[in-house]
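Q: I'm new to reading protein models and would love a close look at a single part of this one. Could you pick a helix and walk me through it, along with whatever it touches?

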Amino acid sequence: MKLENLNEEHCAHRKSHHPEHVKKDLITRLNRIEGQIRGIKGMIERDVYCDDVITQIAATQSALNSVAKILLEGHIKGCVVDRLAEGDSGIIDELVVTIQKLMRK
């Protein structure tokens, strides 16, 4: 069985445990990103100059990267540390796959 399939099965039984203030921050950031996406769509509909649209896309990608960094930090400091303490060294392989996904740009 592929590692990714194993992770998907394993993920179905897990949940993240972010502090409430972190969840609120992430939701705020994602709401802002959602607005940026709607703005980009509107720019396309209004035939805004391509360079301006690309600039907004770059800003949106940067905002998504910030969300990913916050999640990754919490994952490493929480989930990864906890699972290593439980003797689950498989978390390292999962973490490598996760980092590879983030680097696929």
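**A close look at helix α2**

A: Let's start with one residue and work outwards: Arg 29 lies in helix α2. Please keep in mind that this is a predicted model. With a relative accessible area of 27%, Arg 29 is partly exposed. Apart from residues within four places in sequence, its contacts are Ser 66, Val 67 and Ile 70. Val 67 sits 38 residues away from Arg 29 along the chain, yet the C-alpha atoms of the two are separated by 7.2 Å.

Now let's step back to the whole helix. Helix α2 covers residues 20-45, which is 26 residues. How far apart are its end C-alpha atoms? They are 37 Å apart, and this agrees with the 38 Å that the helix should span at 1.5 Å a residue. The protein chain as a whole has four helices and zero strands, so reading along the sequence gives the pattern α-α-α-α.

Which residues of α2 are buried? They are Val 22, Leu 26, Ile 33, Ile 40, Gly 42 and Met 43. These buried residues pack against α3. For the protein chain overall, buried residues make up 17% of the 105 residues.

You can see the meeting of the two helices from the other side by looking at Thr 60. Thr 60 lies in helix α3, which runs over residues 50-85. Is Thr 60 buried or exposed? Thr 60 counts as buried because its relative accessibility is 4%, and the cut-off for buried is under 20%. Leaving aside neighbours within four places in sequence, Thr 60 is in contact with Ile 33, Gln 36, Ile 37 and Ile 40. Two of these names, Ile 33 and Ile 40, also appear among the buried residues of α2.

Arg 32 is another residue of helix α2. With 54% relative accessibility, Arg 32 counts as exposed. The C-alpha atoms of Arg 32 and Thr 60 are 9.1 Å apart, and the two residues are 28 places from each other along the chain. Links between distant parts of the sequence show up in the chain-wide contacts too: among contacts with a separation of 6 or more, 57% are between residues 24 or more positions apart.

Next, let's look at a charged pair on α2. The side chains of Arg 38 and Glu 34 meet in a salt bridge, at 3.7 Å from N to O. Both residues lie in helix α2, four residues apart, about one turn of the helix. An α-helix has 3.6 residues a turn, so residues three or four places apart point the same way. Arg 38 is exposed, at a relative accessible area of 53%, whereas Glu 34 is partly exposed at 44%.

Helix α3 has a pair with similar spacing to study alongside it. Lys 77 and Glu 73 form a salt bridge of 2.7 Å, N to O. Being four residues apart in helix α3, Lys 77 and Glu 73 are separated by about one helical turn. Lys 77 counts as exposed at 58% relative accessibility, and Glu 73 as partly exposed at 42%. The salt bridges in the model come to five.

Finally, what comes after the end of α2? The helix is followed by Asp 47, whose phi is positive, near 60°. Asp 47 has this positive phi although it is not a glycine. Asp 47 is found in the loop between α2 and α3. Its relative accessible area is 68%, so Asp 47 is exposed.

Beyond that loop, α3 begins at residue 50, and Cys 50 counts as exposed at 56% relative accessibility. Cys 79 counts as partly exposed at 27%. How many disulfides are there? The count is zero.

To put the picture together: α2 has buried residues that pack against α3, a partly exposed Arg 29 that touches Ser 66, Val 67 and Ile 70, and a salt bridge between Arg 38 and Glu 34. Asp 47 then lies in the loop that leads from α2 to α3.

Conventions. Residues numbered from 1 in each chain as written. Predicted model: local features only at pLDDT ≥ 70, side-chain atom pairs only at ≥ 80, totals over all residues. Heavy atoms only, no water. Helix = DSSP H or I, 4+ residues; strand = E, 2+ residues; numbered from the N terminus. Buried < 20%, exposed > 50% of the residue type's maximum accessible area, 1.4 Å probe, protein only. Contact = heavy atoms within 4.5 Å. Expected span 1.5 Å × (residues − 1). Disulfide = S-S within 2.5 Å. Salt bridge = Lys/Arg side-chain N within 4 Å of Asp/Glu carboxyl O.
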